[in-house]
Every structure is written in C-alpha cells, then in structure tokens.
Amino acid sequence: MSSLFQHLRIHQVFGANTNVGKTILTTALVRASAQRGKKVFYLKPVSTGPLEDADDYHVNQYTARYARSIHAECLFRYDEPVSPHLAVKMKDIESTVTPSDETFINSVANRIRTHARSTMGPAHMYVETAGGVHSPALSGTSQADCYRPLFLPTVLIGDSNLGGISSTISSYECLLLRGYIIDAVVLFRDEYYRNWEYLKPYFAERGIFLTMVDHPPSQLSDASEDFASTEKYYESIVSQPTDSVGSVVDHLDVCHTQRLQELESIPRRTLQNIWWPFVQHDFVKEEKDVTVIDSAYSDFFSTTNKTAFGDASSQESILSPQYDGSASWWTQTVGHAHPSLTLAAAKASGRYGHVMFPQAVHLPALKLAERLIHDGPGKGWASRAFFSDNGSTGMEVAIKMALRAFTVRQHGLENDEKKELGILGLKGSYHGDTIGAMDACEEGVYTCEWHDAKGYWFDPPTVGITDGEVIINVPATLASFSQSSAIKAESLAWVYDVENRLHTPLARAYAMYITRALDALKQRGGPRLAALVIEPLIMGAGGMLFVDPLFQRVLVDTARGRRSGSSSRWSGIPVIFDEVFVGLNRIGMESTGPLLGVYPDISVNAKVLTGGLLPLAVTLASKSIFEAFLSDNKADALLHGHSYTAHPIGCEVANETLALIDKLALSDDWISAQANWAKPDGSKSPVWSLWDPNFITAISKLPQVKETMTLGSVLSIKFEDKAAGYTSQSAQALLQSLNISSQEDGTLSSAPGGAPFGVHFRTLGDVAYFITSLNTSSSVIRSIEDKIWKTLTST
C-alpha cells in the first residue's frame with residue numbers, strides 16, 4: 001500500500017501459468033534497466049527447488065556484466081521443487097512454522113523500503129512471483145490475494161503455449177477483479193501457436209501494452225556453450241529495435257511517471273470540480289486539505305503523502321497507509337476490497353446485470369429476503385421485505401408503510417387530516433437526508449428550507465462512561481429538575497439487562513413522564529401521532545448518543561398501549577426501528593429487538609448489509625403492515641420504487657456479506673472480545689465490544705474527556721466543550737495529529753506492509769467516533785487505541 005516512490009519504479013511480475021518464461025523475461029527486464037544506467041533490485045520472495053536452479057541465481061548469472069548495478073535476492077527459500085505451500089511443509093515438519101500472509105507481506109514491503117532508502121538516483125525494482133496468479137503462497141492463500149496488500153503495478157507474462165490464450169486472459173481478468181494496475185503483458189513469440197496474434201488486439205482494445213519476445217534457445221549439454229548461447233539471446237532481446245524488452249522498460253517508466261503526475265494533479269482537479277457532502281468548502285481551499293485515496297485494502301486507505309510530493313529528493317513513499325477510522329461512513333464490514341464480495345458482485349453482474357423487479361424475481365433477491373425474514377433481524381415478526389437503494393429511502397418507505405397502516409385502521413380520516421399526521425421520536429434523531437426522512441426529525445442542523453416536521457420528540461436519557469463509572473444521564477425535562485441528573489449504574493451489563501430493569505423506579509418514572517407528555521400534547525392540540533420512529537440504542541449522526549435502552553423499551557410499550565411481546569398485529573401506533581447504522585452486528589448484535597425485548601412492526605437495514613461495497617437497503621414489515629396495502633384498487637398499493645430496485649449485484653453481495661458475518665460470530669477475535677466484557681462472575685454480558693474495556697475506562701478518566709462509550713465496533717469519545725454541538729471543532733482539533741503517519745518505536749506497524757500509518761477519522765462536533773470493520777484484527781485495534789491514548793495524553 002505504501003510502495004510508490006519518485007526515484008524507485010517498482011513492478012511486480014505475475015505469470016499466466018508455470019513455465020511461461022517468467023524468470024527469463026524478468027531477467028531480461030533487469031538487464032534492460034541496468035543497460036539504461038539504472039540501479040536495479042530483483043526480489044524473488046519465495047524460491048523452491050535446488051539452489052543451483054534458483055531464480056535469483058539465474059538473474060545474477062546472466063547480469064554479471066552489470067553486477068555493480070544489480071542486487072538480486074530471495075527472502076524465503078525451500079529445497080523441494082513444489083508449490084510454496086507444500087515446500088514449506090516438507091522442509092521440516094517438526095520445526096518449520098509457516099509464515100503467515102502478514103509476515104510474508106511485511107517482509108516484502110520492508111525490503112522495498114530498505115532498497116528505496118539505499119539509493120538516491122533513478123532505480124528500478126522487479127518483484128517476481130512464483131507459478132501462476134492463483135498458485136498458492138506459503139500460507140496456501142492464492143498469490144493474487146496474498147500480494148494484493150502491496151498493490152504493486154504489474155507486468156503479466158503471457159502464456160505462448162497451447163491453451164495460453166485462455167490462461168493469459170483468465171489471469172488478466174483475475175488480477176483486474178482484484179484491482180491490480182496492469183501496465184504490460186509480455187509473452188514469447190511462438191510461430192506455431194501464434195497466441196500473440198489474438199492477444200495483441202485483445203489487450204490493445206483494453207488499453208494494455210503488449211509485446212512479443214523471441215523464444216530462448218534450446219538448452220545445450222555443454223555448460224559453457226549453453227551460457228554463451230543464453231547470453232547472446234539476452235543481448236538480442238534487450239537490444240533489438242522493435243518488440244524488445246527495452247521497449248517494455250521504457251513503457252513502464254512512462255506508466256510510472258504518468259501515475260505520479262496524475263496523483264499530484266488530483267487535489268487541484270478536485271477543488272475545481274467536486275462538491276462534497278457534509279463539507280464546508282470555505283474551510284477547504286488548499287490542495288493539502290484534500291485526501292487522495294489511491295487504493296484501499298482491509299481497514300486501510302492508501303493515501304498520498306503530501307510532503308513527499310514537494311521534495312524531489314525524498315526517499316519516502318508517495319503513498320502512506322491511513323486507517324479508515326469511520327469504516328467509510330459506517331459501511332465497512334469485512335474490510336475494503338474483500339475478494340469474496342468482489343467475486344459475488346462479478347457473479348451477479350455476469351449472470352443478470354440489472355433486471356426489472358416489479359412482479360418479477362431473481363434468486364439473489366429471494367434468498368436475501370428469506371434470510372432477513374426467517375433467519376435474520378426479521379425473525380419472529382417480519383413477513384415481507386421491500387428493497388430500496390439506501391438507508392434514507394428505506395426509511396421513506398418505512399414511514400409510508402406506517403402512515404398508511406395507521407390511516408387504514410383509523411376509519412373516517414379526511415385527506416387534510418392524513419396530511420397532518422405526526423411522528424413520535426427522540427431529539428437528536430436522524431433518518432437520512434431525503435425530505436421525507438428529514439421530516440421525521442425535529443428541526444436541526446441537517447434539515448433544509450422545505451423541512452416541515454410534524455410530531456413530538458422526547459429528550460432521551462443516555463448512557464456513558466465517565467471517570468470509569470457507567471452513568472445514565474437523565475435530562476432535566478424528564479427528571480423535573482433544573483438540570484440533568486446523573487445516575488450511577490451498577491455496570492454496563494446491568495444497563496442493558498432491560499427485562500430485569502422493567503420493575504425499577506426509573507422504569508416507572510420513564511413511563512409516567514412519557515404518558516404525561518403525550519397527554520399534554522393531546523390536550524394542547526398537537527399533531528395526531530401515527531408512528532413511533534427510533535434509532536435503537538445509538539443515535540448516530542445526532543452525536544453518537546447511546547440511549548438508555550430501558551427508556552426506548554418503555555417508550556415502545558407506551559406507544560403500543562400494552563406490554564410489548566409477540567403479536568401478529570400492531571397496536572397503538574406502528575413502531576419503526578431505524579437499524580441502518582446499528583443493525584447486522586455493527587454494535588455486537590444482529591438486531592436490537594431481542595435485547596430491548598420488543599420487536600418493531602417495520603425495520604430498515606442498510607450499510608453493513610452489503611459489506612461496504614455498494615448501496616442497498618431493505619425495509620422489513622410485519623404481516624399486518626403489508627395487509628394495509630391490499631385492496632381491489634391498484635392505487636392502494638405501495639407506489640414506491642426506483643429503477644434499480646433489488647439490483648441483483650447488491651443482493652448477491654448482501655448474501656455473501658451475511659454468510660461472512662455468520663463465520664465471524666464464531667471467530668476467536670469475537671469470542672475473546674466477548675470474554676473481555678463478561679460480567680464479574682464470568683457470565684456472558686448482554687453487550688460487548690471489540691474495543692478493550694481497560695482502554696475505555698482509562699480514556700474516560702482523562703480531564704478533556706466528558707464521557708466515552710462503546711458497543712460492538714463503535715467507540716465514541718465526547719470532549720469537554722462549552723460550545724458543544726455539531727458545529728464545534730473541538731474533537732477535530734484535539735485529535736488532529738492522528739492523521740499524521742507515525743510508528744514511534746520503529747517497529748513494523750499493524751498496517752498491511754508494516755509502514756507507519758495515520759488515522760482518518762470523522763467527528764460530530766465535540767464527539768469523535770471510531771468504527772472498526774467486523775473482522776478488524778485485535779492487533780490493529782490495539783494499535784489504534786495506543787495512538788488515541790498517546791494523542792490525548794500529549795495534548
């Protein structure tokens with residue numbers, strides 16, 4: 001991810017198969033680079049077989065005349081001439097530990113950085129893989145996936161043998177699916193199979209440079225004669241005027257220069273053309289303020305290093321890893337560029353593209369609906385799944401469903417009365433940026449000129465950790481005090497044990513407050529409330545407010561006019577759970593219903609649903625809600641939809657995402673995290689977090705921290721600030737240095753490749769939040785905790 005240098009041009013060499021001439025052609029590339037006066041580094045990460053047959057030995061043997069300019073080496077060497085994953089096992093079964101993908105990639109990246117620091121002038125480097133693109137790495141992972149964190153531009157050695165057209169195109173598509181930059185294809189000129197005649201126009205149409213090179217001579221029995229013959233061959237293919245390896249080297253240099261120029265131009269072009277969401281452009285006027293993301297992998301962006309561009313003599317990488325601290329606006333589930341999700345998208349794209357959905361169906365959508373209804377967040381209450389394109393429109397659908405269900409049951413309502421129906425909700429709520437979703441919230445920073453909210457919004461009690469203590473903050477309006485009241489709780493586990501808190505004095509106080517407020521609203525002629533809309537447990541965009549779950553449970557019970565439980569029909573007013581942010585294990589549970597002890601009549605899921613790859617939302621509804629739209633009049637149907645409703649690509653990706661989450665629920669990292677948050681007696685807590693409880697406690701005791709809180713993958717830190725609110729800059733100012741790449745002890749970092757990294761994060765005024773993917777490793781999370789701690793204790 002951080003291996004792009006101004007002075008060192010690096011290319012990775014993949015082969016379309018074994019025995020396609022990868023080492024011969026890479027040796028020729030090395031010679032051609034040296035012939036042009038460049039310092040050249042050749043790296044063979046893994047070598048299998050006898051030492052005398054090793055590829056790095058071959059490079060040294062046939063570049064001897066340029067020995068002072070060439071450095072060839074191998075990192076992992078094994079004796080048996082078999083696939084790397086077998087060679088490592090056969091070396092010494094008793095003592096050999098198979099290097100992990102992380103260890104392997106860190107070793108390669110570290111060698112690249114070492115060579116970059118060792119040379120000042122223009123230099124070239126070639127990293128030659130083993131076998132074909134899908135040949136197993138040491139761990140058994142496909143090479144195409146194993147090497148992906150490095151994201152090195154690629155030279156593909158094509159296959160000139162029988163069947164080589166297919167293997168070359170298949171290899172190209174394999175690399176393309178994983179996002180690799182393929183700068184050139186090189187293959188031997190075989191006059192019998194003539195694969196190049198087909199492949200040259202094929203790649204030309206795709207803008208890929210391809211050249212053919214003469215076949216090497218047959219091996220001679222006499223060693224000295226064979227060497228002379230091979231040496232003559234190398235000289236010819238490097239120096240010939242057309243279709244030479246030298247032309248490939250020149251092309252690769254051009255590609256390198258163009259990539260650097262484009263990266264440098266992006267900030268200027270961005271400031272001239274892009275209108276960002278949620279950004280005050282008057283604050284962003286300089287190119288240095290634009291974050292250029294060149295690629296992404298796992299939990300990290302690869303962003304441009306702004307200082308390296310400004311120094312032509314810099315030996316630092318133009319790119320630096322940066323931790324994606326907001327999970328790319330709460331969407332990332334299994335990390336960026338996950339190959340399973342990429343392949344799922346490609347599968348559906350290849351099979352369907354996009355197809356019409358009304359009164360039609362395709363398997364990805366049907367399977368997803370069945371999964372969500374019968375074995376997902378809708379289990380036990382939902383009957384139907386309605387597809388839309390994002391969380392905001394999913395909530396628009398939910399509100400339409402609820403209002404229709406209410407009006408159908410309230411016989412005799414005039415049209416004017418229907419248009420004045422209101423929403424019951426919580427202050428600080430946010431359900432999206434479309435007009436209808438905004439109208440379900442009270443006036444606030446996100447609303448616009450057309451905002452016309454009708455309803456009533458309670459000021460909710462919240463949960464936080466202050467000075468190491470779990471506190472329930474009860475607002476003054478609820479407590480009938482002149483200021484808010486802080487109630488110390490037994491523990492976080494106790495707070496979220498809702499059933500056992502239902503008979504406490506606080507539960508009775510909540511019920512009384514809610515009932516009196518609704519009665520007063522009715523008496524003063526307030527809007528008629530037709531639906532309860534809540535973000536269960538956490539109100540995200542409103543400031544990462546962790547609402548007391550007991551309050552939300554009592555609110556639902558009161559709105560329904562009965563103690564909630566299983567029921568085939570809604571009562572009181574329909575209840576909508578906006579689980580766009582919290583749903584599908586973002587906060588350590590698939591759905592909030594089981595914890596709250598109540599189920600909605602309608603719920604919305606998005607974000608995590610598609611693993612962070614593309615937008616899709618699903619609104620689940622109970623049978624009684626669905627039946628409100630049934631009649632002999634088409635106009636009574638739910639007349640809502642968009643062109644890409646239930647697009648097969650999104651549905652297939654969602655199905656794959658849910659399957660991956662099911663596996664994560666059994667992972668060691670989750671089991672370990674749940675154990676860390678267990679109750680004092682060792683029993684399981686109803687809530688847990690991937691963040692360390694000791695870290696959370698320590699952070700909460702810092703003088704500049706007002707409170708902190710965590711559930712699942714979410715960490716929220718609220719700072720002391722008299723000008724609190726969304727427009728505050730306090731959180732951004734206090735944590736600004738997190739953006740800077742650092743690794744103070746000089747060891748390899750937890751970023752892919754081990755380079756020092758910074759943290760890209762978002763704030764909500766006086767609140768900073770950090771969100772991991774659901775599969776973020778514990779080592780990465782611990783390193784983020786260390787960075788946050790060092791930043792806050794040094795300010």
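## Terms and model

Two strands pair if DSSP finds at least two bridges between them. The strands themselves are DSSP runs, numbered from the N terminus. This is a predicted model. Two of its sheets are described below.

## The seven-stranded sheet

Seven strands build an open sheet. Their order is β11-β22-β21-β20-β17-β12-β13. The pairing is mixed. At the edges lie β11, residues 382–388, and β13, residues 455–458. Each of these edge strands pairs on one side only. Neighbouring strands in the sheet are turned against each other by 20° on average, direction ignored.

Take β21 and β22, which sit next to each other in the order. Strand β21 covers residues 602–605, and strand β22 covers residues 617–622. The two run antiparallel. Four bridges join them. To find one bridge, start at Asn 605: its partner in β22 is Val 618.

## The four-stranded sheet

Another open sheet has four strands, in the order β8-β9-β10-β25. Here the pairing is mixed. The edge strands are β8 (293–297) and β25 (758–760). Both β8 and β25 pair on one side only. From one strand to the next, the twist averages 35°.

Inside the order, β9 is followed by β10. Strand β9 spans residues 300–304, and β10 spans residues 319–324. They run antiparallel and are joined by five bridges. Which residue of β10 is the bridge partner of Thr 304? The partner is Leu 319.

Methods:
Residues are numbered from 1 along each chain as its sequence is written. This is a predicted model: local features need pLDDT of at least 70, side-chain atom pairs count only at pLDDT 80 or more; totals for chains, interfaces and linings use all residues. Side-chain values use heavy atoms; hydrogens and water are left out. Axes are lines fitted to C-alpha atoms, for helices over the stretch in contact, and angles run from 0 to 180 degrees between N-to-C directions.
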